[in-house]
Amino acid sequence: MSSEPSPRTVVTFGTFDVFHYGHLRVLERAAELGDRLLVGISSDELNASKKQRAPIYPLQERMAIVAGLKVVDGVFVEHSLDLKRDYLREHHADVLVMGDDWEGRFDEFNDTCEVVYLPRTPAISTTELIERISWGSS
Ligand code: C2G
């Protein structure tokens with residue numbers, strides 16, 4: 001039996017489509033809450049059910065972008081919002097982090113790990129970016 005304490009594992013979830021500063025900030029702040037950060041990336045199908053549109057960047061590209069960040073230690077696919085308890089157990093989560101647009105939605109997992117909601121980064125969202133780009137406005 002190694003006496004090494006197991007790393008404090010932080011898990012978060014998201015679509016991370018058209019990756020922007022708000023996404024980076026929630027991942028950087030999540031990483032500060034533990035020793036390693038694992039990110040569940042929503043599948044294209046899950047995103048379509050969540051947001052009624054296909055993501056701009058397909059799953060493989062969204063996973064590659066997030067996995068390429070120095071604050072991220074690993075990524076996995078989130079196939080369903082209903083499998084969270086399984087994902088948290090599978091990845092031995094000590095902390096679940098989400099932006100406060102999900103405030104209270106995951107309190108039920110307080111029996112499995114710490115649940116932390118972080119303030120969203122104001123004035124930036126993928127939906128707003130897509131609108132601005134499609135309108136050609138700066
Ligand atoms: N976020 C943020 N600030 C923004 C935009 C997003 O802090 N300006 C955070 C969100 O709160 C979320 C994460 O970035 O924690 C990813 O956001 P999305 O890609 O929009 O993911 P979402 O659709 O919220 O998916 O199982 C939960 C879902 O997978 C979460």
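Q: What makes a stretch of residues count as a helix here?
A: A helix is a DSSP run (H or I) of at least four residues, and helices are numbered from the N terminus. Helix H5 covers residues 126-135. Keep in mind that this is a predicted model.

Q: How do you know how far apart Glu128 and Arg132 sit along helix H5?
A: They are four residues apart in H5, so about one helical turn separates them.

Q: What makes Glu128 and Arg132 a salt bridge?
A: The rule wants a side-chain nitrogen of Lys or Arg within 4 Å of a carboxyl oxygen of Asp or Glu. The closest N and O atoms of Glu128 and Arg132 are 3.1 Å apart, so the pair makes the cut. It helps to know that side chains of opposite charge can pair when their charged atoms come close.

Q: Why are Glu128 and Arg132 called partly exposed?
A: Partly exposed is the range between buried (under 20%) and exposed (over 50%). Glu128 comes in at 26% relative accessibility and Arg132 at 32%, so both land in that middle range.

Q: How many salt bridges does the structure hold, and which parts does the one between Arg8 and Glu114 tie together?
A: There are eight salt bridges in the structure. One of them joins the side chains of Arg8 and Glu114, at 2.7 Å from N to O. Arg8 is in the segment before E1 and Glu114 is in strand E5, so this pair links parts that are 106 residues apart in sequence.

Q: Are Arg8 and Glu114 buried, exposed or partly exposed?
A: Arg8 has a relative accessible area of 31%, and Glu114 has 40%. Buried needs under 20% and exposed needs over 50%, so the label for both is partly exposed.

Q: Where do Glu78 and Lys84 stand, buried or exposed?
A: Both Glu78 and Lys84 are buried, so each has under 20% relative accessible area. Their side chains also meet in a salt bridge, at 3.0 Å from N to O.

Q: How do you know that strands E4 and E5 pair?
A: Pairing needs at least two bridges found by DSSP. E4 and E5 have five bridges in the parallel sense, so they qualify. Across from Glu114 in E5 stands Val95.

Q: What makes E5 largely enclosed by the rest of the structure?
A: Four of the five residues of E5 are buried, and that's why we say so. Strand E2 (residues 36-42) is mostly covered too, with six of its seven residues buried.

Q: How do you know that E1 and E2 pair, and which residue of E2 is the bridge partner of Phe13?
A: Strand E1 (residues 9-14) and E2 share six parallel bridges, and at least two are needed, so they count as a pair. The partner of Phe13 is Gly40.

Q: What is unusual about phi in His92 and Ala123?
A: Most residues other than glycine have a negative phi. His92, however, has a positive phi near 50 degrees, and Ala123 has one of about 65 degrees. His92 sits in the loop between helix H4 (84-90) and E4, while Ala123 is in the loop between E5 and H5.

Q: Why do His92 and Ala123 count as exposed?
A: Exposed means over 50%. His92 reaches 59% and Ala123 reaches 75%, so both pass.

Technical notes
Residues are numbered from 1 along each chain as its sequence is written. This is a predicted model: local features need pLDDT of at least 70, side-chain atom pairs count only at pLDDT 80 or more; totals for chains, interfaces and linings use all residues. Side-chain values use heavy atoms; hydrogens and water are left out. Buried means under 20% relative accessible area, exposed over 50%, partly exposed in between (1.4 Å probe, protein chains only).
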